[in-house]
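Keep the sequence and the structure side by side while reading. The tour below moves from one site to the next.

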Amino acid sequence: MSTLKNLIKSASHPSELKALLKFSISEKPKQGEINLAEAALTRSDMAFCFDALTKVSRSFAIVIQQLPQELKEAVGIFYLVLRGLDTVEDDMKLDETEKERLLRNFYKSCYLSDFTLTGIGDTEDYRLLLQHFDKVTRSFIQLKPEYKEVISDICFRMGNGMADSGSYKITTIQDYDIYCHYVAGLVGQGLSQLFSASGFEAEGLASEMTIANSMGLFLQKTNITRDFLEDFEVNRIFWPNEIWDKHHPALSLFKSMPESSTSLKGLNCMIEDAIRHLPDCINYLSQLQNMQIFRFCAIPQLMAIATLVELYDNPEVFRKNVKIRKGLSAKIMMETRDFESTKQMMLHFIEELEEKMQDSKNTPATMWGSICQIKLALGQRLTNPIIF
Ligand code: MG
């Protein structure tokens, strides 16, 4: 979207305008300027990896720039290895036996300097990434042994988790938590181990597995809630029955009755389930010592909270992919400095959410308890304690 269009969208939010202008000037490289097929021929292995990162995940490529150089490479390769694995998992045309073999052995393939896969991937960029995956594995091989160990261990666990859950049905909230652990919680845990291994963070962070898992779960659940329509249309179902079947007998009814109170209640319950991980996330952020790592971790969490506020009680979720304004994300990027500024922004978003909850007749009563927990984690004294 053009800068001008984004400026117009933020026109009634003056503090976003400055952030948006500053951000669109400094923001580089531009996604559209990179041609992966060409980069594979002309760029060094590591440079190709960063081009591929920009291509396959623009938001991650931007946030990774926050990290110290040494970690930028380790975390970038970590992301690409898991992206490669996920590309295999997501390819619905791939033979099931072959897929299972690839998923279970991907962690070993990372050590092969000539490992490539042709014809696998849902999009051209994903196909190109796997077609030139030897550039990723050679960069991986160059990393410090401690980093390689972490990346390969997480890849082993995720690949096997994906293979085991080939036709996994997410029925209960526990199933949902397990699924999100494999695809996102493990990423949070691996990142913690990389941070500790780098020496930029305390050794103890690597053993904080529960809160690291929650960091991943919160982001994943936000995406799953937001992407309802997109996923539903390609028959990918991640909303657990235990949450939605109290409201409608079939998922399709959410789509056909976007404005109905029952649809919105179901949506709000998904948001309630996501925010129960926030106290853990706040705890995790409070333990970080390096400010570059802090920003890398805090920015996506803040974006997710802002997204959930936007999604709350919003029938548009069942009509399109609802996103936060570019201006708001630019503002979050600029204003996330340290734990204090992060807590301030979180509190601001939580108060916005509370207002929406108060104004809606579709608010689950139990959700107020989660809001209390979050405010306590943010160190807020409760001025109006809720009586249950
Ligand atoms: Mg997948």
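Start at Met 333, which sits in helix α19. Its relative accessibility is 9%, so Met 333 counts as buried. This is a predicted model. Now look back along the chain to Pro 300. Met 333 and Pro 300 are 33 residues apart in sequence, and their C-alpha atoms are separated by 9.2 Å.

Pro 300 falls within the bounds of α18, residues 291-311. That helix has a partner. How are α18 and α20 arranged relative to each other? Two numbers set the scene, since packed helices are described by the angle between their axes and the distance between those axes. For α18 and α20 (residues 339-359), the angle is about 10° and the axes are 9 Å apart. An angle under 35 degrees counts as roughly parallel. The two helices, α18 and α20, are therefore roughly parallel to each other.

The contact can be read residue by residue. From α18 come Phe 294, Ala 298, Leu 302, Ile 305, Ala 306, Val 309 and Glu 310. On the α20 side they meet Phe 339, Thr 342, Met 345, Met 346, Phe 349, Ile 350, Glu 352, Leu 353 and Lys 356. By class, this contact has 12 nonpolar residues, 1 polar residue and 3 charged residues.

Follow the chain out of α18. Asp 313 lies in the loop between α18 and α19 (326-335). Asp 313 is not a glycine, yet it has a positive phi of about 60°. With 22% relative accessibility, Asp 313 counts as partly exposed.

Asp 313 also has a buried neighbour. Among the residues that Asn 268 touches, leaving aside those up to four places away in sequence, are Tyr 312 and Asp 313. The others are Ser 360, Asn 362, Thr 363, Pro 364 and Met 367. Asn 268 itself belongs to helix α16. Is Asn 268 buried or exposed? Its relative accessibility is 0%, so Asn 268 counts as buried.

Met 367 leads on to helix α21, residues 367-377. Met 367 is one of its buried residues, together with Trp 368, Ser 370, Ile 371, Cys 372, Ile 374 and Lys 375. Which helices do these buried residues pack against? They pack against α16, α17 and α20. After α21 comes Gly 379, with a positive phi near 75°.

Between α16 (261-275) and α17 (278-286) runs a loop, and His 277 is in it. At 6% relative accessibility, His 277 counts as buried. Excluding residues up to four places away in sequence, His 277 touches Asp 177, Ser 214, Leu 217, Phe 218 and Lys 221.

Another loop holds a second non-glycine residue with positive phi. Asn 235 has a phi of about 65° and is not a glycine. It is placed in the loop between α13 (228-233) and α14 (241-244). Asn 235 has 64% relative accessibility, so it counts as exposed.

Now step back to the domains. The assignment gives domain 1 as residues 26-144 and domain 2 as residues 168-388. Their C-alpha centres lie 27 Å apart. Across the boundary, 14 residues of domain 1 are in contact with 17 residues of domain 2.

Turn next to helix α9, residues 133-142. The helix is mostly covered, with 7 of its 10 residues buried. The buried ones are Phe 133, Asp 134, Lys 135, Val 136, Thr 137, Ser 139 and Phe 140. Their cover includes α3 (36-42), α4 (45-56), α6, α7 (96-109), α8 (124-131) and α10 (145-164).

One of those covering helices, α6, brings the tour to the metal site. Which residues are the protein donors of the magnesium ion? They are Asp 86 (OD), Glu 89 (OE) and Asp 90 (OD), at 2.1 to 2.3 Å from the ion. Their spacing in sequence is D-x2-E-D. Asp 86 and Asp 90 are 4 residues apart in helix α6 (residues 69-90), so about one helical turn separates them. Their accessibility falls on either side of the 20% cut-off for buried. Asp 86 is buried, with a relative accessible area of 18%. Asp 90 is partly exposed, with a relative accessible area of 24%.

Key
Residues are numbered from 1 along each chain as its sequence is written. This is a predicted model: local features need pLDDT of at least 70, side-chain atom pairs count only at pLDDT 80 or more; totals for chains, interfaces and linings use all residues. Side-chain values use heavy atoms; hydrogens and water are left out. Donors are N, O and S atoms within 2.8 Å of the metal (3.2 Å for Na, K and Ca); water is not among the atoms, so sites may look incomplete. Buried means under 20% relative accessible area, exposed over 50%, partly exposed in between (1.4 Å probe, protein chains only). Contact means heavy atoms within 4.5 Å. Axes are lines fitted to C-alpha atoms, for helices over the stretch in contact, and angles run from 0 to 180 degrees between N-to-C directions. Angles under 35 degrees count as roughly parallel, over 145 as roughly antiparallel, 65 to 115 as roughly perpendicular and the rest as oblique. Ala, Val, Leu, Ile, Met, Phe, Trp, Tyr, Cys and Pro count as nonpolar, Asp, Glu, Lys and Arg as charged, and the others, Gly among them, as polar. Domain bounds come from an automatic or database domain assignment.
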